[in-house]
Amino acid sequence: MIWGIFKRDMCHATRNVIAVIVSMGLVVVPALYAWFNIAASWDPYGNTKALKVAVANNDKGYKSDLIPVRVNVGETIISTLHANDQLDWQFVKSDKAIDGVKSGEYYAAIVIPKGFSADMMTLFSPDIKHAQLKYYLNEKINPIAPHITDQGATTVVNTIDKTFAKTIAQVGLDLASSILHYSQSPQMAEYMRNLNGNLTTTADTLSGASQQVTSYSQLLGSANDIVDSTGKLLASATKAGKQAQNALKQGKSGATSFTSAGANVTSSVNIALDQVSGAFDQVAAKVNKAFDAIGKGSDTAASQLATLSEQISSGESLYDTYITSLNHMRESVEQLPDSDSAKQALLEAIDREITLLEAAKGDSQKLAQQLKDASTQVTQDTAAAERSRKEILNRITSAKQSISNVRDDYATNVKPKIDALASTVSTLISQTDSMITQLSGTADGLDDVTGDVGTNVTSIRSTLGAIAKKLDSSAATVKELITKLETGGNAGDGNSDGGDGDNDADSGESDELRALATANASTLSTLISAPVALHRVSVYPIANYGSAMAPFYTILSIWVGAIILCAMLKVTISDREKAHVLGLGDTLPRIAGPSGPGNASRWGLRLDHEYFGRYAIFALLALLQGTLVCLGDTYFLGVQANHALQFLAVGWLAALVFSNIVYTLTVSFGDIGKAVAVVLLVMQVAGSGGTFPIETLPKFFQMLYPFLPFPHAIDAMHAAMAGSYGNEYLLDMVYLALFLIPSLLLGLMLRKPVIRLNNWVSRNLESTKVM
């Protein structure tokens, strides 16, 4: 039955010329569909030379103040692109480039801004700016062109990166080489000797400054001792009696006026000496009072004189303290540099002051002794007492004169020289003025004032000590630099004695620098600009883009061919054909019922006979379609096929499977089945992975991927073209063949319940006279 149906179909298909031409067209059209697409996409990225891309260079370049090398990356880009034939580069002004992109004259434009080179050179500054190219792209002209021009822009960026890195590396290596050669010249050696000499002088100057600051600090310490001694001297003077304190109060206005004018240590000393002198006046008054009382009470007079003698003796230690303070000051002055012009004059003034103080101390000692002697004489001899009185008064006058000499000499000789050496003494003297003001109220306040002065002097001395340490540290740093320069010079000259490990290390570093500088700068800079080279190893290589796309377009054309067959050939068998196959004449008996599938089954023509009998011509034409398209791919277009027979076998199997699926859908559902076949075609174009990897598609297509025949047919054809990994080819062929199972199941069994429904739908569509 099947053979009979097939023979009659073949006779009808070859009955006349038109039938033969149509049959040949059914075979050829799918092949043409595949060949045109494959040929059109044979090498699309190799024919980009006609794509116009504008390039505009506005770069002004960059020149460093340190290195006289002019860098203009824009010019380098233009020069490189002149030798690049990937695209049709158009070198124009920026305005024309942008307008050309808008008008469609250029697919894209690259504009190099004015500060491009300057921005690139900020790589070596703290404020780094990313150099940017302006890339204008017209995306509406063609969906693929933007991606091709993007590749061109990427080429420009890569060229810039490599050129910039190479330029910087070459400049750096050339500079290092120049510095190395210059460092070995006699001129450089002379410069190094001069530099070492200047650095040595600087180190000595810093050391001397440190010593001078230390001496000033010690001098301030001595001045602090003088302030302490002055406080004690003032306190001692107040003990001469109530009259001496009154005298201090009377002199308060003078001291206050002096303080407001800017009191200092020297003024404090003068005030102290004045108070001592005033105390001597009080002593003289008490002496006269004591001697006047001799006639009234000799014992009382003797007691008063003895008390005065003790008071004068108790004040002698203050002269020693003051002399000791001057000696400390003298020691501090001696530590000053000999170059200081005021040093010797100040030493002489201090020595003269010490001599005058010792004389005043001697007068005080003699006065105390005379007062003691007079205390014993007043009770014995009145005439002798009167002589002692005159001698004591003369001695008091002499002591006052000694104090006056000390004060005048200090103010005339010592004060100006101390003021010239240490301006900070004014601070100490102002504190002493406060001490004198407090002395008029209470002697206890003197300790607080002198304590404040001591605190200030201590703070100043601490600051000076820190300065001296920093100066010493700076001098040590300069000396260390001198040592390193001398060591580096010896290493560079190759005069190392070999006994010092550091010299050996420096010599090794110098040798490495010399080796680097003497190498080929161009070769090294090229290596630095592109340290890694990509070595492409193709696994299962494909000859060209057309061969890579051939499986997709070939499988697609075979499915399209199956749809065309079902559109042009009838899938159902008429009752007249059934009668001829059964030998019943031109018509079936009336008992066969209405025309439709399976109505001749009582005479032996079953539903499966009708299915396979009519499908036989579909299968034959589908095999011819698959054969023609595969042979044309291989021998007409030159598509790569390492295993040509396997490649052809995939086409045959795909033709059988696809034609059966489309035939079954059409047999089962009529025109609706043809529409379903078109829908399956659209779904497989998107979800087969023939153009893009399946992993890049949306999740829905990734889930649908295993249940479509296209992916397995394409994978099998790829394996036949480039080689198979393990049983990859056989597995894909088996997966493809498995789609025959649901197709045959639907065509032979599942379509029986819907035959009447399908007939009813067909009758209603035909009744519209449109569908």
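**Group meeting: a sheet and some aromatic pairs**

Okay, let's start with the whole protein: it has 771 residues, and 41% of them count as buried, where buried means under 20% relative accessible area, exposed means over 50%, and partly exposed is in between, using a 1.4 Å probe and protein chains only. Before I go on, this is a predicted model, so to speak: local features need pLDDT of at least 70, side-chain atom pairs count only at pLDDT 80 or more, and totals for chains, interfaces and linings use all residues. Residues are numbered from 1 along each chain as its sequence is written, and side-chain values use heavy atoms, with hydrogens and water left out.

The secondary structure adds up to 28 helices and six strands; helices (H or I, at least four residues) and strands (E, at least two) are DSSP runs, numbered from the N terminus. If you take contacts between residues at least 6 apart in sequence, 77% of them join residues at least 24 apart, a contact being heavy atoms within 4.5 Å.

Now, the sheet. In what order do the four strands of the open sheet come? The order is β4-β1-β5-β6, with mixed pairing; two strands pair if DSSP finds at least two bridges between them. β4 (88-91) and β6 are the edge strands, each with a single partner, so each has one side without a neighbour in the sheet. On average, neighbouring strands here are turned by 20° against each other, direction ignored. For angles, axes are lines fitted to C-alpha atoms, for helices over the stretch in contact, and the values run from 0 to 180 degrees between N-to-C directions.

Let's zoom in on β5, residues 108-112. Five of its five residues are buried. A108, I110 and I112 point one way, and A109 and V111 point the other. That fits a general pattern: in a regular strand the side chains alternate between the two faces of the sheet.

Who sits beside β5? With β1 (residues 52-57) it pairs in the parallel sense over five bridges; A54 stands opposite A109, and N57 has I112 as its bridge partner. With β6 (residues 134-137), β5 pairs in the antiparallel sense over four bridges, and there V111 is matched with K134.

Two helices lie across these strands. Helix α3 (residues 73-82) lies across β1, β4 and β5, at about 155° to β1. Helix α4 (residues 94-103) lies across β1, β5 and β6, at about 155° to β5.

Last topic: aromatics. There are 10 aromatic pairs in the structure. Rings of Phe, Tyr and Trp (its six-membered ring) pair if their centres lie within 6.5 Å; planes under 30 degrees apart are stacked, over 60 edge-to-face, and the rest tilted. W3 and F6 have ring centres 5.7 Å apart and planes at 40°, so that pair is tilted. Both lie in helix α1 (residues 2-13), three residues apart, about one turn of the helix. Which of the two is buried and which is exposed? W3 is exposed, at 55% relative accessible area, while F6 is buried, at 16%.

Then there's W35 with F636: centres 5.6 Å apart, planes at 50°, so tilted. This pair links distant parts of the chain, with W35 in helix α2 (residues 17-40) and F636 in helix α21 (residues 607-637), 601 residues apart. W35 is buried at 15%, and F636 is exposed at 60%. And finally, Y611, F612, Y615, F618 and Y663 form one aromatic cluster.
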